[in-house]
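Trainee: I'd like a close look at one part of this chain, the sheet and what packs around it. Could you walk me through it in one go?

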Amino acid sequence: MTPAAPPSYVPVAPAGLTRRARTFVEAHGIRVARPDLGRHRDAWIERGVPATEIDRAMAFEDRWGGLALPPAPFYDSGPHVLRADVPEASPVGGWWFPAGDGRFSMAYGFWIGPGGEFGINGYRWAPLHACIEGWVESLALAHHARRWAGTVTRITGEAVDSLDLEGYEPVPEVRGMTDTWWRGEDSLVALYRGEAVGMNAPACGEAHVYGGLDKWGLHGG
């Protein structure tokens, strides 16, 4: 009998991402071994977890589980490896489940919300993006913008709310909620408000302004 081929550590990007994000995942991500969530199904149901919520967590695991991406520019670098775990009843209504452990010990965790949102749960729930795809698109866009920008300006605290975004348009693929990206004539602006909301700490808001971008820098990928 021919032995089974070892699993590939080179990820194949899930469908539905932009070309920029697919390239980012496949060029800079890796796949690591992950547990079989199915073996916990009966035990979770006995604990009162609805079967539909287990199915939702397992669908996330099948699509994203084991994917390790480069550090995020905020949120203490983001999840180390995307990985689902047992769903829990959410204080905001419905059910949610962990999206992956942080790289460091943190005051909040990364979760998939009742509506599929990707966000952080600290003092309160802060949905960063409408879905996990938005988070991955944001990582890919930050990687792209850092590479092509002539200048990168970091803005913190109250100055974030004073940013003038007139003439800018939202970047739709990041599916922004608490966090948003904006595209101007020659610059991209990333607004990171998740910690300000999730930790009830307005001073934790942050913006990154990528300036001096040409057409490729603004739209490439």
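Trainee: To set the scene before you get to the sheet, what percentage of the 221 residues of the chain count as buried?

Mentor: Keep in mind that this is a predicted model. Of the 221 residues, 47% count as buried. The chain has six helices and twelve strands. Its radius of gyration is 18 Å, close to the 17 Å from the globule rule, so the chain is as compact as a globular protein of that length. The C-alpha trace spans about 55 × 45 × 25 Å along its principal axes. As for contacts with a separation of 6 or more, 56% of them come from residues 24 or more positions apart.

Now the sheet. It's open, has five strands in the order β3-β4-β5-β6-β7, and the pairing is antiparallel. At the edges sit β3 (88-89) and β7 (125-129), each of which pairs on one side only.

Start from the β3 edge. Two bridges join β3 to β4, and the two strands run antiparallel. You can spot the register from E88, which stands opposite W96 in β4. The hairpin of β3 and β4 has five residues between the strands, and there G93 takes a positive phi near 105°. Just upstream, the loop between β2 (67-68) and β3 holds S77. S77 has a positive phi too, about 80°, although it is not a glycine. That residue is buried, with a relative accessible area of 18%, where the cut-off for buried is under 20%.

Next comes β4 itself, residues 95-100, which pairs with β5 (residues 109-112) in the antiparallel sense over three bridges. Two partners to click on: P98 has W111 in β5 as its bridge partner, and G100 stands opposite F110. Five of the six residues of β4 are buried, so this strand is largely enclosed by the rest of the structure.

What lies across those strands? Helix α3 (residues 51-64) lies across β4 and β5, running at about 20° to β4. Helix α4 (residues 132-148) lies across β5, β6 (118-121) and β7, and its angle to β7 is about 60°. So β5 has both helices lying across it.

That packing leads into the nonpolar core. The largest one has 48 residues, and Y75, W135, W181, L188 and Y210 are those with the most contacts inside it. The elements giving two or more residues to this core include α3, β4, β5, β6, β7 and α4, along with α1 (19-28) and β11 (188-192). The biggest giver is α4, with eight residues.

L188 is a good one to inspect by hand. Leaving out residues up to four places away in sequence, L188 touches a long list, among them L141, A145, W181, H208, Y210 and L218. Apart from the largest core lies another, of six residues, including I155, V189, L191 and A207.

If you want a contrast for S77, try N200, in the loop between α5 (194-198) and β12 (206-211). N200 has a positive phi near 50° and is likewise a residue other than glycine, but N200 is partly exposed, with a relative accessible area of 41%. And for the outside as a whole, the chain exposes about 11,000 Å², with carbon and sulfur atoms supplying 53% of that area.

Definitions and conventions:
Residues numbered from 1 in each chain as written. Predicted model: local features only at pLDDT ≥ 70, side-chain atom pairs only at ≥ 80, totals over all residues. Heavy atoms only, no water. Pairing = 2+ DSSP bridges. Helix = DSSP H or I, 4+ residues; strand = E, 2+ residues; numbered from the N terminus. Contact = heavy atoms within 4.5 Å. Axes fitted to C-alpha atoms, helices over the stretch in contact; angles between N-to-C directions. Core = buried A, V, L, I, M, F, W, Y, C linked by side-chain atoms within 4.5 Å. Buried < 20%, exposed > 50% of the residue type's maximum accessible area, 1.4 Å probe, protein only. Rg over C-alpha atoms; globule rule 2.2 N^0.38 Å. Areas by Shrake-Rupley, 256 points an atom, 1.4 Å probe, with all protein chains shown as cover.
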